[in-house]
Amino acid sequence: MKNVQMKNTYFNLTTDERGIATLTFDTPKSSVNVLCFDALYELREHISNLEGDSTVKALFIESAKEDIFIAGADIKEIKAFKDEAEIVFKLREGQEIFNRLEQLPFPTVAVIDGACLGGGLELAMSCDYRIATNDAHTRLGLPEVSLGIIPGLGGTQRLPLLVGFTKAIELITASKRLKGDKALKLGLVDASVPSGYLGFKKEEYIKEILAGTLEEKVTKKRKGIKWYEMLAPVKAFIAKMARKQVLKKTAGHYPAPLKAIDILEETLTKSLEDGLQVELEVFAPLATSEISKNLIELFFTSEQLKKESFSTAKAKSIDTAAVIGVGTMGSGIAWALAHRDIPVRLGARKMSSIAKAMAKMMKSFESIKRRGRLTDREIGLKMDRVTHTTSMQGLGNVDIVVEAVSEDPKVKQNVFTDVESKVREDTIIATNTSSINITSLATSASHPERFVGMHFFNPVQMMPLVEIIAGEKTSDETVATVVALAKRLGKTPIKVSECAGFLVNRTLLPYLNEAAKMFEEGEDVERIDRLLKGFGMPMGPFSLADEVGIDIGDKVSTILHDAYGSRMQPSSVLGRMIEKEWLGKKTGTGFYSHKGKAQAHNEHIDELHTVNTTLNAQTILDRAILIMVNEAAKCLEEGVVANARYLDMAMVMGTGFPAFRGGLLRYADSEGLENIVQRLEALAEQYGERFEPAGLLVEMVEKGERFYR
């Protein structure tokens, strides 16, 4: 057997006595394989050697990493791009390397066991065949648009050839990641087998390659481009509908998915060479754009948070759980536990409440089933792990109890007292409070070290953030355990210090309150919502207030006002709406009317104006957004969160602050902190002390600093 290694040793090439070459990718000193340019250049050397080796009958490309084929291109290299000409030069080199791989004079097979994303999938598509495992750790996709770019190593050109024009648009614009079986069904891979069977499948392919029967057997099963997709009117219609879907989802704030559709439509009938050139020309300006830099920064923060434990202690294992209080939040938390196969016991006073909660959980599972990600049997097994009690029985062996009753300190403390008498001494008790001080809730606890805040966001099934809040006596082990649990649930935990409203609500409520004040002054509800949606918020402040509930917003506003004084003075509008029982969606009337399926104008809402003024658009945006920037700076100044990056990620994940802007404080950087301070000072002079610039902002301006260096 021949063994060929290069000095950089990203790849190891071996050839057996049958002429079967195996190229194994193994990025040194890393748990994952990424396609940096050094790796690509080494791949080129191996291809050069293979091109001239007449003894090779086939090439198999594999990974030495566990659960990883190739995780994609090196994002650090993409982030460092500043010059479009440099990008075009380097990516053209990468495209040519994959073209040479595709043109090798013998069959090539990518053996995919684990993540195969971005440049990794582009490499795999340059091979003649692809074998994937159907294990949970295997995912295939081109997620580049989530970083503000498009596939740049031939992905837009080779994917349609395998899965068709329509499906290629869907996979690229939605950054979809496919399991092995789904990839097989679409024609992206040629085989999907359990990882334990992978060696047998490889041998089967080798025999068929040597016998010359593989090509006919495999290629006839591929989907490929449909004949009608090549017709100009059909192609244009498919692209038009795809753009409509993207615009509905992104409001046009993200150019990459739209550019991807343009490329796919323009190049469908072009040669590979011409199509690759178009791909290059579109990729370069996207890669140097501020939007891409912002999205990449958030990606790195996300990766950093995956490694963050927020504690030096070792996490305990959570094998069983209970959720007390099974309303919207409680049923969502219970679903998240059951979804990850953690046995969960529901606790509520009435059986009817438990029945409603279980129905909500089933509805969430059914939604996943419709997307082909769960079977009836799998759902049944998960729901079989859900038990219930109306008398707080059966809690003696649970590892954690999550309380999700109403946001009332007395109600919560009564629950805690009852729970403590029923559970083991080492059982963690977590509260899903959105604003109440953890230490004060645990004052009468026998074991305050096991009390902790786990603030999930609504809807739990969709919102990825969990704020972790330690009280004064919460142990490091408790923090480590709930952080690990949140990650197991597929969430992103961020530890925040104890303060009224914690981080997200403390920063978001001034935004909602300021919108209410502007309405009170005579501004139009729908105009304010429209402007803030135009800025990039997922919904306007009044739509959000109606969704959350006017009574809940008023309650949290009161807590913040008690804690922070006059700068958090609530608008009187909320109280007057509560008097009228205009509580938002739950009563059918709030800032909008919700009595039909669609949100409509509340024809009586303008009765709550106290004066009649009209503000210019920039003033509305500044009052809503800069008051959040100011409060975020105060949170950072007080050490509520570790750094600006974590704060920005919390606001993106917890409030939907536009990711394309990079987060609240990165937005402030882009506007210029001196400019931000000047605008805050002007607002303070006109509207009062709540706009007085935070000390940290003033200090940073004096020192010429930025939140992101």
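A cavity is a set of grid points where a 1.4 Å probe fits but cannot get out. In this predicted model, a search of the whole structure finds six cavities of 30 Å³ or more. The largest cavity holds about 190 Å³ of space. Its lining is made up of 19 residues, and those closest to its centre are Ala73, Ile78, Leu91, Leu153 and Phe283. Helix 1 (37-51), helix 2 (75-80) and helix 4 (119-125) are the elements that give two or more residues to this lining. By class, the lining of the largest cavity comprises 13 nonpolar, two polar and four charged residues.

The second largest pocket offers another view of empty space in the model, with a volume of about 260 Å³. Of the 14 residues lining this pocket, Lys293, Glu297, Arg666, Arg706 and Tyr708 are the closest to its centre. Helix 13 (290-307) and helix 27 (664-671) each supply at least two residues of the lining. Helix 13 gives the most, with four residues. In the lining of the second largest pocket, ten residues are charged, two are nonpolar and two are polar.

Attention can now turn to the sheets. Strands of a sheet pair through backbone hydrogen bonds, either parallel or antiparallel. One open sheet consists of four strands in the order 5-7-9-10, and its pairing is mixed. Strand 5 (68-70) and strand 10 (177-178) stand at the edges with a single partner strand each, so one side of each has no neighbour in the sheet. Strand 5 pairs with strand 7 (residues 115-117) in the parallel sense, over two bridges. Within this part of the sheet, Ile70 stands opposite Cys116 in strand 7. On the way into strand 10, the loop that follows helix 6 (165-173) contains Ser175. Ser175 is not a glycine, yet it has a positive phi of about 50 degrees.

A second open sheet has eight strands, again with mixed pairing, and here the order is 14-13-12-15-16-17-18-19. Strand 14 (386-389) and strand 19 (492-496) are the edge strands, each pairing on one side only. From one strand to the next, the twist averages 25 degrees. Helix 15 (residues 351-370) packs on this sheet, where it touches strand 13 (344-347) and strand 14; the direction of helix 15 makes about 160 degrees with that of strand 14. Helix 26 (residues 644-655) lies across strand 18 (465-470) and strand 19, and runs at about 125 degrees to strand 19.

Elsewhere in the eight-stranded sheet, strand 15 (residues 400-403) and strand 16 (residues 428-431) run parallel and are joined by four bridges. Ile400 has Ile428 as its bridge partner in strand 16. The loop between strand 17 (451-456) and strand 18 is where Pro459 is found. The peptide bond leading from Asn458 to Pro459 is cis, with omega near -5 degrees.

Helix 20 (504-520) can be followed through two packing contacts, the one with helix 23 (residues 550-564) being described before the one with helix 24 (residues 572-579). Helix 20 and helix 23 pack at an angle of about 105 degrees, with their axes 10 Å apart. Angles of 65 to 115 degrees count as roughly perpendicular, and helix 20 and helix 23 are therefore roughly perpendicular to each other. On the helix 20 side, the residues that meet helix 23 are Asn505, Arg506 and Leu509, while helix 23 brings Gly553, Val556, Ser557, Leu560 and Tyr564. The residues of this contact divide into four nonpolar, three polar and one charged.

The axes of helix 20 and helix 24 come within 8 Å and cross at roughly 80 degrees. This crossing makes helix 20 roughly perpendicular to helix 24 as well. Ala516, Phe519 and Glu520 of helix 20 make the contact with Ser572, Val573 and Arg576 of helix 24. By class, the contact of helix 20 with helix 24 has three nonpolar, one polar and two charged residues.

Technical notes
Residues are numbered from 1 along each chain as its sequence is written. This is a predicted model: local features need pLDDT of at least 70, side-chain atom pairs count only at pLDDT 80 or more; totals for chains, interfaces and linings use all residues. Side-chain values use heavy atoms; hydrogens and water are left out. Axes are lines fitted to C-alpha atoms, for helices over the stretch in contact, and angles run from 0 to 180 degrees between N-to-C directions. Angles under 35 degrees count as roughly parallel, over 145 as roughly antiparallel, 65 to 115 as roughly perpendicular and the rest as oblique. Contact means heavy atoms within 4.5 Å. Ala, Val, Leu, Ile, Met, Phe, Trp, Tyr, Cys and Pro count as nonpolar, Asp, Glu, Lys and Arg as charged, and the others, Gly among them, as polar. Two strands pair if DSSP finds at least two bridges between them. On a 1 Å grid over the protein atoms alone, a cavity is a set of points where a 1.4 Å probe fits but cannot get out, and a pocket is an open set with protein on both sides within 12 Å along at least five of seven lines; lining residues have an atom within 4 Å of a point. Grid points are joined across faces, edges and corners, and a volume is the space filled by probe spheres set on the points.
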